[in-house]
Amino acid sequence: MTASSPAVARPRNLMVSLAARGFVKIGVLPVLVLVALVVFASMSDNFLTVENIHSALRQNSYIVIATLGQFIVLLTGGFDLSIGAVTALVSVSTAMAMVAQAESSSPLTAVLVGIAVGMLVGMGCGLVNALGIASLNINPFIMTLATASAFSGLALMLTSGVPVAGLPVEFSDWLGFNKIFGIGVPIWIAALAAAGLWVLLTLTRPGRHIYSVGSSPKAARLSGISEFRTLLLAYVAAGGLAAIGSVLLTARIETGEANLGASLPLQTIAAAVIGGVSLRGGSGRVIDAVLGAVFIGIVANGMNLAQINSYYQMIVTGAVLALAVVADRLRSRLAVAVYAGKV
Amino acid sequence: MTEPVLRVRGLTKKYPGVTALDQVDFDLRRGEVHVLFGENGAGKSTLISIVSGAQRPDGGTIEAGGRAVELSGVAAARALGISAVFQEFSLMPTMTVAENLVMGSEPGRFGFVDRRRIRRLARERLDEFGFRIAPDRLVETLSRAEQQMVEIAKAFRPELSVLILDEPTASLTDEEAERLFALVEEARGRGIGIIYITHRMAEIRRLADRVTVLRDGRLVTTVPGDTPDEQLINLMTGRVVEDLYPELPVPGTDVVLAARGLTTFDGSVRNASFELRAGEIVGFAGLMGSGKSAAARACFGLERVDSGTVTIAGQDLTGAKPAAVMKSGVVYLPSDRKQEGLFLERPLRETVTLPWLRRAPMSTGPLLRPGRERAVAGDMLRRMQLSPADPERPAASYSGGNQQKGLLGRALLGECTTYLLDEPTVGVDVGARVTIYERIVALARAGSAVLVVSSELPEILHLCHRVYVFSHGQITAELTGADINEEMILRHMMHWGEPAAKDIA
Ligand SMILES: Nc1ncnc2c1ncn2[C@@H]1O[C@H](COP(=O)(O)OP(=O)(O)OP(=O)(O)O)[C@@H](O)[C@H]1O
Ligand SMILES: [Mg+2]
């Protein structure tokens, strides 16, 4: 038998109950962020300075932007493993276009041409993914794994593996190091991208279509939604976001690199999952993805300040991902209990 | 009086904002069919999900075979001989029928499964029930009714003492249901206690030894199986339900949708010709797999068409995509609400409004207006008498009948010229059916063409101006007026071979 009277099922400890309810309501992330902040603040005096927080956020804005792209694709029930290769290819083509254009025109024109080329390349890569997945029905995992290989091959081929240097200094000045109202340009752009994506997903029809296709492709089709167009939008947007991140990163490092972003597929998926985005598609919010990415950034920054060896850092990142998934599972189980009024 | 096989006392289950079960007492005797009866959302599925170990209660006791038991999971319940067929199926879609049938007790040697034996066991099990389904088929390729059969075959195990069936005939036709009744009666004869949930009065007449009525999660009473229908409905709803079927309006004459010589690629429909007229309610009757459903799906672009044409509002839309068909004012209600209708983890509002977001109050340009959308959805849920009528709850948290009402509400929201409704009242309680039938008739009165595909004979008999009977993929009769009677329909349902002379081909 189960609880012999309803009274027995009541929580015994109010604190435990409140903690469990809070955990269910807001998820693991705020808890993890708090733990990370406390740990790193105690390990390094420099951690909780305005200076450091700003620089951590700036470094992190590239991952945030890429994670937003990964997030859209996850919402449709897919994956984008090519996000790192797209970043590399965009970096290389932006740099090459800029260098070529700079010979014959003003820096402003060169920078604009470079950015335009980068954006087109990024969205073009997204288009290739979308066509394979939406019209040839190739599994997103396989398709983006294949294109990842092809895109990074292309990037290496274009540069023969040598970084593209000689970019106009204005490019790095404007997009890499510039501040507006005391806040770095990449942070502004990451915030704008997040806000734009939020508007797309919650306030527009195509955004709603992304959720519905991810939740049940069959039911979406029966509602007259075009799966093809929806996936096209998602993958092209993901390519576009990867391109934005890549252009900013290229401006920061002042060269076009064919090996940029190699760890992005893992990092972006990890960020989204830690944030609580479902891998089955159809559920997750922009804020979840952003917080997940920010958390990964805090951990990396804290470990840098604490002068933890980068090999250990990789191990920690992997462990944190696994931990977050376990914690998330615990949360859904607790949610059932709380839902049922047991806690 | 025999000792009950199952005794439930003070059972309570709460969800946020809803008490699904409130101090319910329930007894099940050996060798009886005990029907659970109640409105959508009354707590029937919740009760059996607790008794079968799928959910834990918040309070109360369960005794099986005279001993207090703790049902920690479905496996624990099964070990006590309690086995259930749930309203929402629990089969593994990517596994074969055979694998699903033996799941949890796979025969094998040294840790390897013995595929051949699994197949043979499954074959035997299916034959025993007379279900003609190949054991090698993947579950995801089965129709809802076929899945239902596999679920039933899976639940009948040799060491059974309590068998639980939650709306088992919801998508079966009379023919298939008849076979199930025989099985249930045979099980009763062997001393098995059976909990049977249904909204169909005829099944209560046919099977019930006792009926327990639930309302709003509370026990109303337990009465003998021969209690008159009106009294049961009265106990269930707390009010008197008069005529179930409203009077039909005079049909129009304009043909809205016409199919000529329609043949689908997979042969599920062959050379079918039919038409729907404005202001008319047309019925498709037939057994499972007779093509009645496939014919409707083909009109909506969900089946590959091999030959023949579908013309809608004068436009040739043969093989067009659902989106294109919808543009010409057609809406389709799928019979499989979980697979093809609902966005389960999303708020029910999104399921309801998705096809119509483009409409005036809900968006301006590509921008949504969340407030308006919420109002439209909430309004429709209230009009369809959903409980709870809260559009922000996830679709999955609604009871089966309420999910169905939500989907139907979505179809009605379309203000279309043609409605293709595949099993519109699956799982809906008698009281709510009255509302649904009224709405369907109101559609016709307003000049829409309505197609009702149904495996429930009464719906075909009382709701339709004209009926096409399907058998083996072909239309075997077109009936109107006094010809729409049980005898004629059944005769043509069983009909083999060439279409009858009345076919309009
Ligand atoms: N997972 C859930 N989360 C929240 N509420 C739920 C959940 N499952 C059921 N409910 C609520 O519990 C109540 C009882 O639901 P239940 O499924 O037992 O109804 P039912 O009698 O089987 O109805 P139906 O005839 O429609 O199948 C309903 O109000 C329903 O909304
Ligand atoms: Mg139910």
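How far is an oxygen atom of ligand 1 from an N or O atom in the side chain of His199(B)? In this predicted model, the two are 2.9 Å apart. That contact is a handy way into the ligand site, so let's start there and work outwards through chain B.

## The ligand site

His199(B) uses its side chain to meet ligand 1, whereas Gly41(B) offers a polar backbone atom to an oxygen of the ligand. Lys44(B) also makes its contact through a polar backbone atom. Here are the three contacts side by side:

| Residue | Atom on the protein side | Distance to an oxygen atom of ligand 1 |
|---|---|---|
| Gly41(B) | polar backbone atom | 2.8 Å |
| Lys44(B) | polar backbone atom | 2.8 Å |
| His199(B) | N or O atom in the side chain | 2.9 Å |

On its own, ligand 1 has 640 Å² of accessible area, and the protein covers 90% of that. The shell holds 22 residues, and those that come nearest are Lys44(B), Ser45(B), Thr46(B), Ser399(B) and Gly401(B). Sorted by character, the shell comes out as six nonpolar, 12 polar and four charged residues.

Which chains surround ligand 1? Residues from chains A and B do, so the site is shared between chains. On the chain B side, β2 (18-28), α1 (44-51) and α14 (400-412) each put at least two residues into the shell.

## The four-stranded sheet

Strand β2 of chain B, one of those shell contributors, also belongs to an open sheet of four strands in the order β2-β1-β4-β5, with antiparallel pairing. Its edges are β2 and β5 of chain B, each of which pairs on one side only. Helix α1(B) packs on this sheet and touches β1, β2 and β4 of chain B, with its direction at about 120° to that of β1(B).

Inside the sheet, β1 (residues 6-15) and β4 (residues 59-64) of chain B run antiparallel and are joined by five bridges. If you want to check the register, Thr12(B) sits opposite Gly59(B), and Val8(B) sits opposite Ile62(B).

From β4(B), two bridges lead on to the antiparallel strand β5 (residues 67-68) of chain B. Glu63(B) has Ala68(B) as its bridge partner there. These strands, β4(B) and β5(B), make a hairpin with two residues between them, and Gly65(B) in the turn has a positive phi of about 55°.

## The six-stranded sheet

Chain B has another open sheet, this time with six strands in the order β6-β9-β10-β3-β11-β12 and mixed pairing. Its edge strands are β6 (82-85) and β12 (218-224) of chain B, each pairing on one side only. On average, neighbouring strands here are turned by 20° against each other, direction ignored.

Within this sheet, β3 (residues 33-38) and β11 (residues 210-215) of chain B pair in the parallel sense over five bridges. One pair to look for is His34(B) with its bridge partner Arg210(B) in β11(B).

Two helices that pack on the sheet are worth a look. Helix α5 (residues 144-155) of chain B touches β6 and β9 (162-166), and its direction makes about 175° with that of β6(B). Helix α6 (residues 174-189) of chain B touches β3, β9 and β10 (193-197), and its direction makes about 150° with that of β10(B).

## Two backbone details

Most residues other than glycine have a negative phi, and most peptide bonds are trans. Asp216(B) goes against the phi part with a positive value near 50°; this residue lies in the loop between β11 and β12 of chain B.

The peptide bond from Ser387(B) to Pro388(B) is cis, with omega near -5°. Where is Pro388(B) placed? It is in the loop between α13 (370-383) and α14 of chain B, and that takes us back to the ligand, as α14(B) supplies at least two residues of its shell.

Key. Residues numbered from 1 in each chain as written. Chains lettered and ligands numbered in written order. Predicted model: local features only at pLDDT ≥ 70, side-chain atom pairs only at ≥ 80, totals over all residues. Heavy atoms only, no water. Pairing = 2+ DSSP bridges. Axes fitted to C-alpha atoms, helices over the stretch in contact; angles between N-to-C directions. Contact = heavy atoms within 4.5 Å. Near = heavy atom within 4 Å. Polar contact = N/O pair within 3.5 Å; in protein donor to acceptor, adjacent residues only side chain to side chain. Areas by Shrake-Rupley, 256 points an atom, 1.4 Å probe, with all protein chains shown as cover. Nonpolar A, V, L, I, M, F, W, Y, C, P; charged D, E, K, R; others polar.
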